[in-house]
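Trainee: I would like to take a close look at a single part of this structure and understand its surroundings. Could you walk me through it slowly?

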Amino acid sequence: MTAAVPRNCLKFECTNSIPPALTGFQLCLQHFLDEAFVRSDQALGRCREGRWVDPGCLEWLLSDALAVIKNLEEGADEPQPEQRDRMLELLLLLANLHEYVAHHSIRIEPITSLR
């Protein structure tokens, strides 16, 4: 017997439905975006301060981006401008974070010999 998937957001007193792309998160789009922005802002802040970012956190942020993309695809027929703008803003933030990590975590070793 499989467990029933909740139909409404699990946040306290939220009655919004969960989009199919977010069933794994068990959150409505609004609460998912709120939490994803917090995680992204915290990770970017740690990067800018020169602090270590947990690889698991980066994987979680990647799953956030994939969930946003799926949600954008599913809602293509009925766009809600405010939510669509927030999803695109989150994707841009995640892309900026990815670029920041990629450019600031590379160590260049001096060339000791040419072959």
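Mentor: Let us begin with D64, which is buried, with a relative accessible area of 0%, and please keep in mind throughout that we are reading a predicted model. D64 lies in helix α2, the helix that covers residues 55–74. The side chain of D64 is joined to the side chain of R39 by a polar contact of 2.9 Å. If we set aside residues up to four places away in sequence, D64 touches F25, F32, A36, R39 and L94, so the partner in that polar contact appears in this list too, and D64 counts as buried because its relative accessible area of 0% is under the 20% cut-off.

One of the residues that D64 touches, F32, leads us on to the largest nonpolar core, which has 26 residues and in which F32, L33, V68 and L90 touch the most other members. Helices α1, α2 and α3, the last of these spanning residues 81–104, each supply at least two residues of this core, and α1 gives the most, with eight residues. As background, in soluble globular proteins nonpolar side chains tend to be buried together.

From that group, L33 deserves a careful look of its own, and you can find L33 in helix α1, which runs over residues 29–48. L33 counts as buried because its relative accessibility is 0%. Leaving aside neighbours within four places in sequence, L33 is in contact with V68, Q83, R86, M87 and L90, and two of these, V68 and L90, are named with L33 among the core residues that touch the most other members. To see how the chain brings separate stretches together, consider that L33 and R86 are 53 residues apart in sequence, while their C-alpha atoms are 7.4 Å apart in space.

Finally, it is worth checking the cysteines, since a disulfide is a covalent bond between the sulfur atoms of two cysteines. The structure holds zero disulfides. C14 is in none, and its nearest cysteine sulfur, that of C28, is 3.8 Å away, which means that this pair does not meet the requirement of lying within 2.5 Å. C47 is likewise in no disulfide, with the nearest cysteine sulfur, that of C57, at 8.5 Å. Both cysteines are nevertheless buried, C14 at 13% relative accessibility and C47 with a relative accessible area of 12%.

Terms used
Residues are numbered from 1 along each chain as its sequence is written. This is a predicted model: local features need pLDDT of at least 70, side-chain atom pairs count only at pLDDT 80 or more; totals for chains, interfaces and linings use all residues. Side-chain values use heavy atoms; hydrogens and water are left out. Helices (H or I, at least four residues) and strands (E, at least two) are DSSP runs, numbered from the N terminus. Buried means under 20% relative accessible area, exposed over 50%, partly exposed in between (1.4 Å probe, protein chains only). A polar contact is a pair of N or O atoms within 3.5 Å; within protein, one must be able to donate a hydrogen and the other to accept it, and residues adjacent in sequence count only if both atoms are side-chain atoms. Contact means heavy atoms within 4.5 Å. A nonpolar core is a set of buried Ala, Val, Leu, Ile, Met, Phe, Trp, Tyr and Cys residues joined through side-chain atoms within 4.5 Å.
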